[in-house]
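Let's take a walk through a protein model together, starting with one small contact and working outward. Keep the picture open as you read.

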Amino acid sequence: MRIKRLYLFLIKSYLGTFLATFFICLFVVLMQFLWKYVDELVGKGLDFFVIAQFFYYAALSLVPMALPLSILLSSLMTFGNFGERLELLAMKAAGISLFRIMRPFIFFIACICVGAFFFSNNAMPVIQTKLYTLLYSMRQKTPDVDIPEGSFYSIARYNIYVRQKDTKRQLLKDLMIYDLSKGVHNAQVYAADSGRMSVSADKSSLVLTLYSGESFENLREQTNMMTTVPYRRETFAFKEMMIDFDSNFNMADASVASNKYMAKDLAALSYAVDSLAEKVDSLARHNFIENRGNYFNRTVYNFKPVSRDSLASYAEYSSEKLWAKLTTSEKKKVFDRFISWSERQRSGEEFCATEAGSVSKSMRRHDIERHRKFTLSFACLVFFFIGAPLGAIIRKGGLGMPVVISVILFVIYYIIDNMGYKMAREGVWYVWSGIWMSTAVLFPFGVFLTYQAATDRIVSLTEIGFVKKIIKIFKEMKERRRVGQ
């Protein structure tokens, strides 16, 4: 009964810290994420509901990044507080080992790991699909038109050229507008001294107001540029044009992300990887057979067919002698044909390489996403076995030392994970080696810290060998600096 009350006390001490650190970490990574997509939000007149949806799905999509960091930080803080308040020492003095103290935490973290797997496999595809569809819809919503100076700007069926802009009076100077609704050869041209552009009340079109200009229009469609076609010329002091322009937000269909790797669960990813691997193999076989035929069965120059009986008469001739017997025009034909064949061969090989590379990259992306379904759960477990023993070693709670150590360890983990991800994505490493490299590097460190804390080999952080050396080096540098002064 005493142990059960102790377990309840330990879980209560850990749960509050874990929830607080989780939401703090989620907020931090969410702010970092928003900096990346701030251009998609600013200046587009999005409704509050759309922005709230974006924040909601973005926060859910960042749970895999915030969860391991929060487990590391909360474990460090909880066990650091136990050590600082001598509660850990009291429990060990009562005959309770560190593994027995960690037992309720291990059970709790195991439940989180299982939940993280189901979250990655079942919830993340839906969340990523919603977020991708929302981002796609936000990109399709064009902001208020900002026509550049000195270059053509396309809006619907119009090409607009503005030589200069007066931002104070919101005036466009020296305009030229091409209406291409009837085709390029039958364009209607407008030239104006100045003009203004605004959005209609229903946001379904743009109103372009022109001042002091002329318009040119063909009266009959021309099919041949050499024929003379009558045209109409109009001079105006004031003219308004309506340009179709839907500036309202329209949510795209979810099918735009249905075939993406982030929208698939474990079973769909495994099926996609197998299908793409088979396609890569078939492309490789096809390219090999085709290249073999091109290289070994080609003819550079068409000589007359020769019978078997007459082949012996050609044996005494070498390639140099045969080449010397050709005329200059025949040699030129050989060179031209060989160059043409080389260009065709190079273009074909580049196309085959591009197609095979695209399929291989898609296969690797699906395989990466399949492995990530498991790496999140394993990373949570590894970070707990780093944070809990390290907190028992340093015996410092609060938000000082634990935050510094957690950030350093997580930055190391993030750098290794990002490097492995890029190597796996580009095909430099095997997918499994790149994706699992970060957890494989930190797992021995967690085992080492757990062993050291369980056997009381280290009573403080400063008693670790390499830390002692670093402290000694800094002391020597400080002493030399003081003597030099």
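Start with H371 and W436: their side chains are joined by a polar contact of 3.1 Å. Bear in mind that this is a predicted model, so every value here is computed from it. H371 sits in helix α8. Is H371 buried or exposed? Its relative accessible area is 17%, and because anything under 20% counts as buried, H371 is buried. If you set aside the neighbours within four places in sequence, H371 is in contact with V431, W432, I435 and W436. So W436 turns up twice: as a contact of H371 and as its partner in the polar contact, which is a statement about N or O atoms by definition.

Stay on helix α8 for a moment and look for F378, which is also in that helix. Now for some rings. The structure holds 23 aromatic pairs, and F378 and F443 make up one of them, with ring centres 5.9 Å apart and planes at 35°. Why is this pair called tilted? Planes under 30 degrees apart would be stacked and those over 60 would be edge-to-face, so whatever falls in between is tilted, and 35° puts F378 and F443 there. The pair also links distant parts of the chain: F443 belongs to helix α11, residues 437-454, and lies 65 residues from F378. Both rings are partly exposed, F378 with a relative accessible area of 31% and F443 with 42%.

Next, try F410 and Y413. Their ring centres are 5.9 Å apart and their planes are at 40°, so this pair is tilted too. This time both residues lie in helix α9, just 3 residues apart, or about one turn of the helix. F410 is buried, with a relative accessible area of 12%, and Y413 counts as buried at 11%.

Rings can also gather in groups. One aromatic cluster takes in F9, Y14, F18, F22, F23, F79, F82, F105, F108, F384 and F385.

Now look for open space. The largest pocket has a volume of about 1500 Å³ and is lined by 34 residues. Which residues lie nearest its centre? They are S61, L62, M65, Q128 and R372. Helices α1, α3, α5, α8 and α9 each supply at least two residues of the lining, and α8 gives the largest share, with 8 residues. Sorted by class, the lining has 21 nonpolar, 6 polar and 7 charged residues.

Two residues in strands deserve a stop as well. D174 has a positive phi of about 55° although it is not a glycine. D174 is in strand β3, residues 171-179, and is partly exposed, with a relative accessible area of 36%. S212 is not a glycine either, and its phi is also positive, at about 55°. You'll find S212 in strand β5, residues 205-218, where it counts as partly exposed at 46%.

Finally, step back and take in the whole thing. The protein has 12 helices and 6 strands, and 37% of its 485 residues count as buried. Among contacts with a separation of 6 or more, 69% come from residues 24 or more positions apart.

Technical notes:
Residues are numbered from 1 along each chain as its sequence is written. This is a predicted model: local features need pLDDT of at least 70, side-chain atom pairs count only at pLDDT 80 or more; totals for chains, interfaces and linings use all residues. Side-chain values use heavy atoms; hydrogens and water are left out. On a 1 Å grid over the protein atoms alone, a cavity is a set of points where a 1.4 Å probe fits but cannot get out, and a pocket is an open set with protein on both sides within 12 Å along at least five of seven lines; lining residues have an atom within 4 Å of a point. Grid points are joined across faces, edges and corners, and a volume is the space filled by probe spheres set on the points. Helices (H or I, at least four residues) and strands (E, at least two) are DSSP runs, numbered from the N terminus. Ala, Val, Leu, Ile, Met, Phe, Trp, Tyr, Cys and Pro count as nonpolar, Asp, Glu, Lys and Arg as charged, and the others, Gly among them, as polar. Buried means under 20% relative accessible area, exposed over 50%, partly exposed in between (1.4 Å probe, protein chains only). A polar contact is a pair of N or O atoms within 3.5 Å; within protein, one must be able to donate a hydrogen and the other to accept it, and residues adjacent in sequence count only if both atoms are side-chain atoms. Contact means heavy atoms within 4.5 Å. Rings of Phe, Tyr and Trp (its six-membered ring) pair if their centres lie within 6.5 Å; planes under 30 degrees apart count as stacked, over 60 as edge-to-face and the rest as tilted.
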